[in-house]
Each structure stands twice: as structure tokens, then as C-alpha cells.
Amino acid sequence: MPTNPTLQADELADADRELGLKRPSPALTLTAALLGFALICLDASVVNVALPAIGSSLDSGMSGLQWVVDAYTLAFASLMLSTGAFADRAGASRAYALGTVVFTLASVACGLAPNLPTLIGARVLQGVAAAAVLPASLALVRQAYTDPARRARAVALWAAGGSAAVALGPVAGGALTTAWDWRGIFFVNVPIGLAILALLIRAPRSQRRPAPLDLPGQVTAVVALTALAFAVIEGGAAGWAALAVAVVAAVAFLRIEARGPHPVVPLDLFRNRTVTTTVAAGAAVSVAFYSLVFVFSLFFQQVQGRSALYAGLLFLPMTGLIAATNVVAGKLAGRYGPRLPMLLGQALAVVGLLLLLYVDAGTPSSLVAVLLVPMALGCALTVPPLTAAMMDAVPAERAGLAAGVLNAARQVSGGLGIAAFGALVSDGFVGGMRLSLVISAALLTVTFALSFRLAGPSASSA
């Protein structure tokens, strides 16, 4: 029977309108993804200010407080090497929902923890879940926006949510610990997790895609990093034994990655000097920033006797400027190439670290807060251009892999820095703090020199 073209067109238009009413809004998906990314970033920084209260409540020494931070950071960092592939295999929406559920339940377990081992175990679960949430959240944003321009704006908003969470973390931690209890920093995750799950109900289901997993490489990486952190934090005979385990696991990891068909960290990636330089610079920046936030959180409260809320507010000048500095760094990298802002950022961070050498127990807290700003701004000025340089240095099909390697290296370095600097300050706080500053400045000086090898403006523009 012949069809009526006009009637058919009208019916199709009606169907399209009906589908449009039912089609999930990209903005809802973006909101869900942004909340999850912000949540895992918040949990990486919110704990620092609450550490003295946790130590007092659970009768923990310095090593216990280091594990409260590193249990999350190391699980997050080491598993991030494989969770991108997991998100592809399970589907981004399913991986994101699973990660959010586990993270929320683990947060409840943290808040209810009756002792330190329980809290540390729950923090490990949080880190595992965060490693699943991060790549899946970005995949959801890419899935929701097919137009490249709109997608770029959405990714920028997603990244800004993480920056805002990092800035808010110390203040939120101080406020919750003072007004409620240290357990409040974990319970506050519950309504956010439930809101994410409610938004995910409206999000489209993601397709599953085949993606190879390198389980032997992932397992040996986890063993090596955990054993190394244990050796640094615990020391003594057990520390030496753990160091031996770390060395054996690291050698096994390198052999697996060199011979495996689908390595989680392809070693040939590091034949590119830009990749090597940017990974090294990212690691040095993370040691300086995350490890010293840990150290100065304890300094403000344990050495200077400030409250948790006051300590959190003292970080606001440095964290509040990070997002704006990231934007400036991106513009500088776009105009002059990544080398110039990286050099400026690392030089500023080194100067800031050296200025902090003059801080002691009697230095006014407000002055210390101001002296922290150059270091933080230098780190914020360095990260966007080094990320852009890393992405430009690898083929498009390896961009996700390269991003995972860079972010894992940064998180691992921050966690190991906390382990090392925590051990230093436990033997004498101000002296250990100054040694931590010198080590951070030395690392950034080395990566500053390496950054001269990066391409200049003309190559970057090309």
C-alpha cells in the first residue's frame, strides 16, 4: 500500500518529539559525573585537617595517621591503571554506579569505624571505588556530549568541579570536625552518593566494549607500591623486609610489562622524552603539594595549637587560587607552548618552598598561610601545561592510557611523599618539616632542568 510522505513525516516528527521528552538530559549526566569526581577529590583533601582529631579519638600515632591518608591514595592510584579498561568492559554507567555504591558504603564504614584498623580498611575500599569512579565519570561526560565544542566545555566544568573540591577540602574538613566530629567528614559523603545514584537513573546505559586487562601487572604494581609505603612508614626490621618485597614485586612488574601482550603501563611510552619529563614533573609537583598539605595540617594543630576549623581556613588562600591559576596556565600553554608555564610554575614553587624554610613554631599562622601561596600557585601553574604536553606527545589512541599513567604517577608520588615526610616529622616536627621542604625543592629543581627539553612555542603551535 503506498504511504503518504507528509503523514509519514508528521508521524516521525511526533516520534522524535516523544523521544526527545524521554531522552535523558546531558546536563543531568554531567551533574552526576561532576559530583562523583568532586566527591573523590574532596575525600583526598578533607581528611588532612581532621587527622589530629582522628589520632586522639582512635589513639593513633603518626604512622597510623599516615595510613589513614595513604590507604586511600595508594589504592586509588595503583588501581587507576586498570579501571579505565574495567569501565570499558562493564560499561561506564555500570562502573560508575558500582563505584559510587561502594564509595558510599565505605564512607559509612569509615564514619562508624570503632578502631584504626577498621578505618584504614574502609579507606582502602574508598580508594578502590574512587579508582572506578574517575575514568567512568569522564567517559559519561564524553558519552553525553557528541558535539566536540559542547564536550570541551563539559569536560572543563567537570575538571573545575575537582579543583573546587580540592580547594574546599581543608575548610570543609575543619568545619565538620569542629561543628560535629571527625566522623562527619565521611558521613557527609552519603547524601552526595545518593544524589549521584538518583541522577544516574536518568542517564543512558553505556555500551560494553572489549578491553584487555593486565591482571599480573596490576597485582604486582599494587604489591610493590604497598610494600614500599609500608617500608617507609613502619621502618625497622619489618620495614626492611617490606622493602625487599617491594623490590621483587617491582622487578616482576617490569618484566611483565616488557613481555605482556597488553601491558597496563607500556614501557615504550617512556622512550619519548616529553612523556618522561611530564611524568617526572607531575610526580614532583604532587610530592610538594599533597605531602606538604599533610605536614602543615599537623603543624597548625599539633605545633601551633590551632583548632581544626582555623587550620582549614588557613589553607583557603592557597587552595582558593588554584582553579583561577589553572585557567591562566592553560591560556599560557595555548599561546606560548607548555615549556614556559611549566618553567615559571616550577621556579615559583621552588621559591615558595625555600621561603617556608623560615617557618618555625613561633611564626604567626597567618604569615604561614601567606607563605604557602607561592608554592601552591607554582604547582597549579605547572599541572595543566604538563598534562597538555603529555597528551600532545602520544598518539590519539593512547591518550587515555597516557592520562592514566600520568594521574597514577601523581597520586602514587603524593602518597609516598606523605609516607616519607610523615616519618621525617615524627622524629622532630620543625626539623623534619624543613627537610621535607628541601627534598621537595630539590625534586622540583631537577624537573625544572628537565623541562628545558620540552618543545618551544613554535613546535607546540605546530
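User: Which residues touch the most other members of the largest nonpolar core?
Analyst: Ile 54, Leu 119 and Phe 296. That core has 121 residues. Bear in mind that this is a predicted model.

User: Take Leu 119. What is it in contact with, leaving aside neighbours within four places in sequence?
Analyst: Leu 119 contacts Ile 54, Leu 58, Val 68, Cys 110, Ala 113, Trp 182 and Phe 186. Ile 54 is on that list, and Ile 54 also ranks with Leu 119 among the members touching the most others in the core.

User: How many helices and strands overall?
Analyst: The protein has 19 helices and 0 strands.

User: And what share of the residues is buried?
Analyst: 50% of the 462 residues count as buried.

User: What about the exposed area, how much is there?
Analyst: About 19,700 Å² for the protein. Carbon and sulfur atoms supply 68% of that area.

User: Of the contacts between residues at least 6 apart, what percentage joins residues at least 24 apart?
Analyst: 83% of them.

User: Switching to pockets. What volume does the second largest one have?
Analyst: About 610 Å³. It is lined by 23 residues. Closest to its centre are Leu 81, Leu 225, Phe 253, Ala 409 and Val 412.

User: Which elements give two or more residues to that lining?
Analyst: Helices H3 (62–90), H9 (215–234), H10 (236–259) and H17 (399–425). H17 gives the most, with 7 residues.

User: How does the lining of that pocket split by class?
Analyst: There are 20 nonpolar and 3 polar residues, and no charged ones.

User: Now backbone oddities. What is the phi of Asp 59?
Analyst: Positive, about 55 degrees, although Asp 59 is not a glycine.

User: Where is Asp 59 found?
Analyst: In the loop between helix H2 (26–58) and H3.

User: Why does Asp 59 count as exposed?
Analyst: Because its relative accessibility is 72%, and the cut-off for exposed is over 50%.

User: H3 again. Where does Arg 89 lie?
Analyst: Arg 89 lies in helix H3, one of the helices that help line the second largest pocket.

User: Why is Arg 89 called partly exposed?
Analyst: Because its relative accessible area is 42%. Partly exposed falls between the 20% and 50% cut-offs.

User: What separates the C-alpha atoms of Arg 89 and Leu 213?
Analyst: A distance of 9.4 Å. Along the chain, Arg 89 and Leu 213 are 124 residues apart.

Note on methods
Residues are numbered from 1 along each chain as its sequence is written. This is a predicted model: local features need pLDDT of at least 70, side-chain atom pairs count only at pLDDT 80 or more; totals for chains, interfaces and linings use all residues. Side-chain values use heavy atoms; hydrogens and water are left out. A nonpolar core is a set of buried Ala, Val, Leu, Ile, Met, Phe, Trp, Tyr and Cys residues joined through side-chain atoms within 4.5 Å. Buried means under 20% relative accessible area, exposed over 50%, partly exposed in between (1.4 Å probe, protein chains only). Contact means heavy atoms within 4.5 Å. Helices (H or I, at least four residues) and strands (E, at least two) are DSSP runs, numbered from the N terminus. Accessible areas come from the Shrake-Rupley method with a 1.4 Å probe; for residues, only the protein chains shown count as cover. On a 1 Å grid over the protein atoms alone, a cavity is a set of points where a 1.4 Å probe fits but cannot get out, and a pocket is an open set with protein on both sides within 12 Å along at least five of seven lines; lining residues have an atom within 4 Å of a point. Grid points are joined across faces, edges and corners, and a volume is the space filled by probe spheres set on the points. Ala, Val, Leu, Ile, Met, Phe, Trp, Tyr, Cys and Pro count as nonpolar, Asp, Glu, Lys and Arg as charged, and the others, Gly among them, as polar.
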